[in-house]
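Open the model in your viewer and keep the selection tool ready. The stops below go chain by chain.

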Amino acid sequence: MIGSARYWREIPQRYRYEAGKCTGCDKIFFPPRNVCSKCRGQEFETVTLAKNGEVEAFTIIRVAPSGFQDESPYAVGVIRLEDGVKVTAQITDCDLEKLAIGDQVSREFRLVQQDGESGILCYGYKFVPRG
Amino acid sequence: MEVGIVGYGAYVPRHRIKVEEIAKVWGADAPSYKRGLMLQEKSVPTPDQDTITMSVEAGRHALVRAGIDPAKIGAIYIGSESHPYAVKPSGTVVAEALGGTPDIHCADFEFACKAGSEAMFVSLSLVRAGEMDFALAIGADTSQGAPGDALEYSASAGAAAFIFGHENIAAVCETTYSYTTDTPDFWRREYQFYPRHAGRYTGEPAYFKHVLSCARGLMEKANVTPDDFRWAVFHQPNGKFPMRAAKELGFSKEKVEQGWLVPTLGNTYSGSSPMGLTAILDKAEPGDKIFMVSYGSGAGSDGFIWRVTDRIREIQDKAPQTREQLENNPIYIDYGTYAKYRGKIRKLAES
Amino acid sequence: MREVAVIGVGMNRWGELWKKSHRQIWTEAAIEAIEDAGVDHVDAMYVGCMSGGLFVGQEHLGPLLAEQLGMGPIPGTRVESACASGGLAFRQAYLAVASGEHDIVIASGVEKMTDVDGGAATYALSTAADQEYECYQGITFPGLYAMMASVHMAKYGTTRKQLADVAVKNHYNGARNPLAQFQGEITADQVMSSVLVADPLRILDCSPITDGAAAVILVPLDYAKKMNADMVVRVAASAHATDAIALHDREDLAWLASTQVAAEKAYKQAGITSKDLSFCEVHDCFTIAEVMVSEALGLFDRGSGGPAASSGATALGGEIPINPSGGLKSKGHPVGATGVAQIREVMMQLRGKAGDRQVKNAHRALTQNMGGTGASTVVHIFERA
């Protein structure tokens with residue numbers, strides 16, 4: 001499903017959480033993009049996303065897509081990071097029954113999916129309860 | 001030139017399984033296992049945790065404590081017997097995630113449970129030789145014990161990372177010594193899922209011979225005795241072996257307990273004595289000396305003598321402490337969940 | 001720009017059409033629409049299809065399907081905007097007629113979804129979301145809408161029962177639609193005790209996997225009047241808007257901005273307000289979607305779509321019936337066909353031929369078709385000419 005080139009291209013974002021900050025208006029884009037949607041600026045500096053954030057929305061996936069079935073049920077949320085950027089990611093190592101909007105979470109490096117039994121291992125970020 | 005640890009960190013997965021839960025499935029007598037092996041529970045990696053992910057987390061903790069620019073790390077060595085890929089390094093992922101690429105030397109090490117200390121040994125040596133200012137060594141494993149085998153009660157998951165340098169040292173490495181022979185006590189052949197071991201042969205001629213010989217050799221080389229040390233840590237395949245080794249060498253229980261994580265952590269293989277060292281560094285005080293001997297089946301032991309410096313106080317609280325991770329908010333799972341997480345259930349092959 | 005009318009419709013019974021191929025399903029609906037319109041040819045063909053490639057391994061649908069009509073080398077265009085493909089295909093057909101480029105155009109939609117297993121269908125549908133930054137993490141479409149529901153519930157107090165009432169109402173309507181995939185009524189208890197798919201959404205909150213097609217014929221309004229068609233229905237407005245494809249890139253997860261923008265444009269074009277509509281056919285891919293769409297269309301105040309769904313206001317006979325066809329929920333959701341089937345329903349209603357689900361005095365209606373989690377929305381308004 002995910003070939004080497006496609007995976008490798010996103011490594012700065014998946015491993016190091018590199019985002020693009022518009023030098024014109026300071027809006028941060030993750031992943032980085034070429035044109036700022038706020039001020040149409042085209043110059044960006046590389047910044048690292050905040051590690052901590054808050055659950056803005058979440059669900060518990062009971063019917064998982066292929067490649068994720070071993071982990072279901074699992075939570076996925078939209079996390080609003082402390083720098084204001086929002087990302088979609090799994091929320092793991094948590095009590096699914098108690099998970100709530102507003103929960104404080106922190107990022108960890110995890111294996112996100114694998115390309116079948118013999119394909120590449122695809123790493124990235126997930127979030128875990130903070131504190 | 002003095003060389004030593006400038007930053008360290010550990011990572012402990014949050015999931016645990018109790019000895020009783022495993023024993024129940026196999027009709028084994030839990031109390032005797034707990035007593036005999038001195039084990040209560042062990043950490044379990046979730047399907048999204050492996051040697052690479054735990055190494056990244058432990059490495060990040062070490063970087064925070066070291067307070068250095070990751071681009072200055074000259075080498076990264078990951079010791080493990082559970083590298084996620086059979087061919088393709090773990091270290092490249094970790095180096096990339098930590099921001100250490102591309103000016104970095106990288107290799108994965110394997111030597112059963114000794115791969116972590118091996119990485120430490122080589123890292124130290126490169127810094128001492130002046131090849132680089134900083135080197136990162138990690139010991140990590142998500143080891144498998146065959147279902148129903150005695151190893152299933154202990155094989156667990158965890159990682160420890162150390163950044164070595166020659167400035168701002170928190171624990172100086174005073175002496176090292178290694179002891180190696182060919183001893184087939186534990187192995188896993190290519191393409192086999194579970195390792196095999198030689199039962200009671202893993203004790204006297206294997207673990208104890210190498211740990212004790214290495215420890216004695218190290219003390220002789222440094223001209224020290226157990227009385228010179230406040231702390232000691234030995235490889236911990238179960239609770240009993242390191243305690244017995246300590247006793248035979250003359251280290252009191254009090255010196256060993258802080259780094260004796262195995263009763264509630266399990267055997268983290270390449271992470272075992274390195275993680276014990278991190279737990280000791282979390283509590284050590286300037287001037288303390290730490291005695292460390294690893295063990296890897298096959299077989300060999302690496303010995304280290306560490307002298308803690310004033311800087312330890314500055315870095316202890318900069319990242320999560322090891323026992324804090326071990327003790328806070330564990331998530332207990334049943335054997336079914338454990339079997340699913342560890343890939344022990346035969347499933348339909350994906351088309 | 002010329003004024004445009006719709007003069008013919010075609011649609012087959014939707015469901016798991018094991019015996020019929022992608023092209024057969026499409027051709028049945030297309031021929032029916034052509035015959036219904038009473039035209040002897042079409043000048044151009046537009047088809048909305050989300051993923052012929054992933055569902056049946058077939059792309060290049062423009063020529064493949066146009067050629068099936070036996071009308072020579074007419075232009076055939078496939079349009080894709082995920083689940084809004086059908087609505088957007090209709091809009092392209094509308095623009096082709098309005099501009100004067102073509103006179104008689106068929107707008108259609110088709111999806112053949114049951115040739116692949118559930119996992120592959122889920123994957124195909126997930127391609128409507130951001131692959132690298134949403135799907136990579138293991139999210140599914142029900143999961144994305146479930147997150148929208150979680151915010152809507154937290155922010156406005158929308159209840160589980162209110163969501164269930166959307167499904168109950170749509171199944172009630174679908175039970176009166178002979179072409180619907182599911183023609184059985186259900187209760188709120190059944191919805192709320194059905195299997196969880198992605199909390200808080202359960203299987204009966206979700207539209208199904210469906211095979212189906214729909215087609216309509218567009219001509220200039222003047223032609224339609226001259227052709228003495230059964231009932232001339234004028235396209236009063238056609239609007240299209242987009243939004244960030246990834247849910248996390250939107251400021252308010254409980255608001256469908258693309259639907260709001262498209263609806264506002266459409267109301268302006270038609271010179272009406274939402275109060276002037278007889279009914280709406282909207283994109284209820286999940287129950288929460290209908291609640292959110294009803295707010296974004298301005299039918300109800302922001303946050304009050306839930307209580308409105310429970311009040312009966314959106315039922316047949318209510319102040320603004322929504323989805324008299326049964327919606328995606330009950331009629332089925334062959335993704336590329338959905339937007340066109342909405343227009344077919346509007347035609348049936350405005351012609352007064354909707355049988356037991358007929359909206360009384362229906363004279364003007366709105367269709368809202370959206371792709372992904374609302375990254376694209378197409379809104380049309382139709383009225384009796």
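This tour walks through a predicted model.

**Stop 1: chain C as a whole**

Select chain C. Its secondary structure comprises 14 helices and 11 strands. Turn it along its principal axes: the C-alpha atoms fill a box of roughly 55 × 45 × 35 Å. The radius of gyration is 19 Å, which agrees with the value near 21 Å for a compact globule of 385 residues. Of those 385 residues, 65% are buried. Now consider how the contacts in chain C are spread along the sequence. Among contacts between residues at least 6 apart, 77% join residues at least 24 apart.

**Stop 2: the two domains of chain C**

Color chain C by domain. Domain 1 takes 4-117 + 210-226, and domain 2 takes 129-207 + 237-384. Their C-alpha centres are separated by 23 Å. Between them, 35 residues of domain 1 of chain C meet 31 residues of domain 2 of chain C.

Stay on the side of domain 1 of chain C that touches domain 2 of chain C. Select β1 (4-11), α4 (85-98), β4 (105-111) and β7 (212-220) of chain C; each gives two or more residues to this side. Which element gives the largest share? It is α4(C), with 8 residues. By class, this side of domain 1 of chain C holds 20 nonpolar, 11 polar and 4 charged residues.

**Stop 3: the two domains of chain B**

Move to chain B. Select 4-170 + 312-341 for domain 1, then 172-308 for domain 2. Here the C-alpha centres lie 16 Å apart. The contact brings 49 residues of domain 1 of chain B against 45 residues of domain 2 of chain B.

Next, pick out the elements on the side of domain 1 of chain B that touches domain 2 of chain B. The strands supplying at least two residues each are β1 (4-11), β3 (41-44), β6 (134-142) and β7 (157-165) of chain B. The helices that do so are α5 (115-128), α11 (312-315) and α12 (322-327) of chain B. Highlight α5(B), which gives the most to this side, with 7 residues. Coloring this side of domain 1 of chain B by class gives 24 nonpolar, 17 polar and 8 charged residues.

**Stop 4: where chain A meets chain C**

Show chains A and C together. In this contact, 26 residues of chain A meet 26 residues of chain C. On the chain A side, β4 (52-61), β5 (74-81), β6 and β7 each give two or more residues. Start with β4(A): it gives the most, with 6 residues. The chain A side as a whole counts 16 nonpolar, 6 polar and 4 charged residues.

**Stop 5: a loop residue in chain A**

Select L99(A). It sits in the loop between β6 (86-91) and β7 (104-114) of chain A. Why does L99(A) count as partly exposed? It has 19 other C-beta atoms within 10 Å, whereas a buried residue needs 20 or more.

Now add its partners. Beyond its neighbours within four places in sequence, L99(A) is in contact with F58(A), A75(A), I91(A) and C94(A). Draw a distance from L99(A) to F58(A): their C-alpha atoms are 8.4 Å apart, across 41 residues of chain.

**Stop 6: a sheet in chain A**

Finish with the open sheet of 3 strands in chain A. Its order is β2-β1-β3, with antiparallel pairing. The edges are β2 (28-29) and β3 (44-48) of chain A, each paired on one side only. Zoom in on β1(A), residues 18-22, which is joined to β2(A) by 2 bridges. Last selection: G20(A), which stands opposite F29(A) in β2(A).

Terms used:
Residues numbered from 1 in each chain as written. Chains lettered and ligands numbered in written order. Predicted model: local features only at pLDDT ≥ 70, side-chain atom pairs only at ≥ 80, totals over all residues. Pairing = 2+ DSSP bridges. Helix = DSSP H or I, 4+ residues; strand = E, 2+ residues; numbered from the N terminus. Domains from an automatic or database assignment. Contact = placed C-beta atoms within 7 Å. Nonpolar A, V, L, I, M, F, W, Y, C, P; charged D, E, K, R; others polar. Buried ≥ 20, exposed ≤ 12 C-beta atoms within 10 Å, placed from the backbone. Rg over C-alpha atoms; globule rule 2.2 N^0.38 Å.
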